[in-house]
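I opened the notebook to look up the binding site. My notes follow the order of my lookups.

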Amino acid sequence: MNTHELVDTARQMLANGKGLLAMDESTPTCNERFAAVGIEPTEAARRGWRELIITTPGLAESIGGVILYDETIYQRCTDGRPFVQVLTDAGIVVGIKVDTGAKALAGHNGEKITEGLDGLRERLQGYAALGARFAKWRAVISMGAGLPSPACITANAHALARYAALCQEVGLVPVVEPEVLMSGDHSLQRCAEVSALVLHEVFEQLHVQDVLLEGMVLKPSMLLPGLNCSHQDNIDEVADTTVTALLRAVPAAVAGIAFLSGGQSAELATARLNAMNRRFKSRLPWALTFSFARAIQQAALDIWRGEPGKVKQAQRALQHRATCNRAARLGDYSAAMENLAIPISGV
Ligand code: 5MM
């Protein structure tokens with residue numbers, strides 16, 4: 001393991017107030033998002049959408065790393081340049097999702113275990129040879145009556161740690177993503193209890209597997225009341241609960257924390273991240289930033305809908321969300337930013 005290289009890569013991914021852009025939707029998930037806005041589920045449409053994203057002018061001002069999917073890492077722009085080259089030339093670190101999906105956990109109805117460890121070393125070596133410098137693995141934790149079970153938490157934390165150790169052996173920075181789902185009617189307090197259990201188990205397993213904390217990034221969900229909870233806590237309460245839990249459970253040595261958005265509205269995800277950075281600025285031992293997919297992409301996808309004439313307008317929307325999130329990562333975002341037209345050079 002080259003520890004210097006891992007630490008440098010992790011720093012570069014999150015440097016200068018930047019965050020990560022997740023565009024690693026598997027083909028079924030990408031097709032699902034396309035279907036919702038009337039786009040054909042073809043390889044050509046997925047390639048076109050991903051080209052639109054990575055060629056957005058000014059993307060590298062807010063985005064330090066992009067997470068690709070297996071299909072995407074081999075794709076090229078219309079002018080023939082490989083996606084990996086376009087990103088690398090822009091100074092954006094290339095990442096790749098390497099889990100093979102969350103499957104039913106045997107004997108535990110309603111719970112999932114993320115698979116993909118078999119043959120992972122060789123797959124990681126292949127992605128590194130293609131130019132990837134970090135990887136991502138998502139574990140899914142559901143809340144509900146009697147959920148999550150200790151079995152689900154332990155199995156997923158163990159898999160995350162084994163994945164992370166393999167990444168570091170190959171020289172890739174692992175992004176460790178234990179997602180506690182928003183679905184359900186649980187309170188913010190209950191989410192805090194469950195998130196604490198999950199985070200403590202994840203870091204216990206990472207310790208057991210000798211994972212270098214300075215060479216990894218945590219990608220957690222924000223701590224939120226369930227979507228169906230009758231009481232929806234305000235932005236500052238969410239920010240305080242989330243950061244307090246992270247300060248208690250995440251070692252200071254970790255390079256950074258980059259949240260998933262999990263289905264929150266784009267503006268709310270930005271406002272909550274901003275509140276965390278604004279309220280805890282001087283007390284955070286790690287970079288606290290974003291690794292959003294939907295909360296960066298959705299507005300642009302709603303505009304594009306597969307129409308070539310809408311590419312520039314969609315890129316403007318994407319750049320706007322990326323800019324707002326960079327401001328939130330610095331604690332400088334305000335709702336007034338949503339009304340600012342963001343000019344794109346050459347548009
Ligand atoms: C939770 O999902 C991750 C973050 O996305 P959001 O910000 O939209 O919540 C995301 O990176 C996710 O892992 C990918 O979209 C891949 O998901 P699938 O379901 O295709 O594996």
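Where does the ligand sit? I checked, and the ligand sits in the largest pocket. I note that I am working with a predicted model.

Pocket entry. I looked up the volume and found about 730 Å³ of space in the largest pocket. I then listed its lining, which has 33 residues. Closest to the pocket centre are Thr 29, Arg 33, Arg 138, Glu 179 and Arg 294. I sorted the lining by class and got 13 charged, ten polar and ten nonpolar residues. Next I looked for the elements behind the lining. One helix entry is α2 (27–36). The strands are β5 (112–114), β6 (134–141), β7 (173–180) and β10 (287–292). Each of these elements gives the lining at least two residues.

Ligand entry. I found 17 residues around the ligand. Ser 26, Lys 97, Lys 136, Ser 261 and Arg 294 come nearest. Arg 294 is thus on two of my lists: nearest the ligand and closest to the pocket centre. By class, I have nine charged, four polar and four nonpolar residues in the shell. β6 and β7 each supply at least two residues of this shell.

Contact entry. Which residues place a polar atom by a ligand oxygen atom? I noted Ser 261, with a polar side-chain atom 2.5 Å from an oxygen atom of the ligand. For Lys 219, a polar side-chain atom lies 3.2 Å from a ligand oxygen atom. Ala 293 uses a polar backbone atom, 2.8 Å from an oxygen atom of the ligand. Last, I looked up coverage: on its own the ligand has 500 Å² of accessible area, and the protein covers 92% of it.

Conventions. Residues are numbered from 1 along each chain as its sequence is written. This is a predicted model: local features need pLDDT of at least 70, side-chain atom pairs count only at pLDDT 80 or more; totals for chains, interfaces and linings use all residues. Side-chain values use heavy atoms; hydrogens and water are left out. On a 1 Å grid over the protein atoms alone, a cavity is a set of points where a 1.4 Å probe fits but cannot get out, and a pocket is an open set with protein on both sides within 12 Å along at least five of seven lines; lining residues have an atom within 4 Å of a point. Grid points are joined across faces, edges and corners, and a volume is the space filled by probe spheres set on the points. Helices (H or I, at least four residues) and strands (E, at least two) are DSSP runs, numbered from the N terminus. Ala, Val, Leu, Ile, Met, Phe, Trp, Tyr, Cys and Pro count as nonpolar, Asp, Glu, Lys and Arg as charged, and the others, Gly among them, as polar. A residue is near a molecule or strand if one of its heavy atoms lies within 4 Å of it. A polar contact is a pair of N or O atoms within 3.5 Å; within protein, one must be able to donate a hydrogen and the other to accept it, and residues adjacent in sequence count only if both atoms are side-chain atoms. Accessible areas come from the Shrake-Rupley method with a 1.4 Å probe; for residues, only the protein chains shown count as cover. A molecule sits in a cavity or pocket if more than half of its atoms lie within 2 Å of its grid points.
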